[in-house]
Amino acid sequence: MILSHAHVDHVGALDRLNEIGMPPVYASARTFHGLPDGYRPKNAHILPEPNAEKPTCWA
Ligand SMILES: [Zn+2]
């Protein structure tokens, strides 16, 4: 699972990863640390963020 950003409408079900077999989660450090408390998976992999000045959400 790749998290592009930490808006709760996109990541609000992270507390239910166990229901789909705990897939690996990938996110930039900024996205990972922006997750609500209790929603940071222990199996997350931090991705490099080449240009932190660009917005991460276009919606
Ligand atoms: Zn969004």
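# Exercises on a three-stranded chain

Let us start with one pair: Ile 2 has Tyr 26 in β2 as its bridge partner. Residues are numbered from 1 along each chain as its sequence is written. The model is predicted, so local features need pLDDT of at least 70 and side-chain atom pairs count only at pLDDT 80 or more, while totals for chains, interfaces and linings use all residues.

**Exercise 1.** Find the order in which the elements of the protein chain run from the N terminus.

*Solution.* Begin by counting: the protein chain has two helices and three strands. Here helices (H or I, at least four residues) and strands (E, at least two) are DSSP runs, numbered from the N terminus. Read from that end, the elements follow the pattern β-α-β-α-β.

**Exercise 2.** Work out how the three strands are arranged in the sheet.

*Solution.* Two strands pair if DSSP finds at least two bridges between them. The sheet is open, with parallel pairing and the order β1-β2-β3. At its edges lie β1 (2–3) and β3, each of which pairs on one side only. Next, look at the pairs: β1 and β2 (residues 25–28) run parallel and are joined by two bridges. Between β2 and β3 there are four bridges, again in the parallel sense. In this second pair, Tyr 26 has His 45 in β3 as its bridge partner. The chain passes from β2 through α2 to β3 in a right-handed β-α-β crossover (with the strands pointing away from the viewer, the path from the first strand over the helix to the second runs clockwise).

**Exercise 3.** Decide whether Met 22 is buried or exposed, and say what is notable about its phi.

*Solution.* First, place Met 22: it sits in the loop between α1 (8–11) and β2. Next, apply the cut-offs: a residue is buried if 20 or more other C-beta atoms, placed from the backbone, lie within 10 Å of its own, exposed if 12 or fewer, and partly exposed in between. Met 22 is exposed because 12 other C-beta atoms lie within 10 Å. Last, turn to the backbone. Most residues other than glycine have a negative phi. Met 22 is not a glycine, yet its phi is positive, about 50°.

**Exercise 4.** Name the residues of the largest nonpolar core.

*Solution.* Such a core is a set of buried Ala, Val, Leu, Ile, Met, Phe, Trp, Tyr and Cys residues joined through C-beta atoms within 7 Å. The largest one has five residues: Leu 3, Ala 6, Val 11, Val 25 and Ala 27. Across the 59 residues of the protein chain, 14% are buried.
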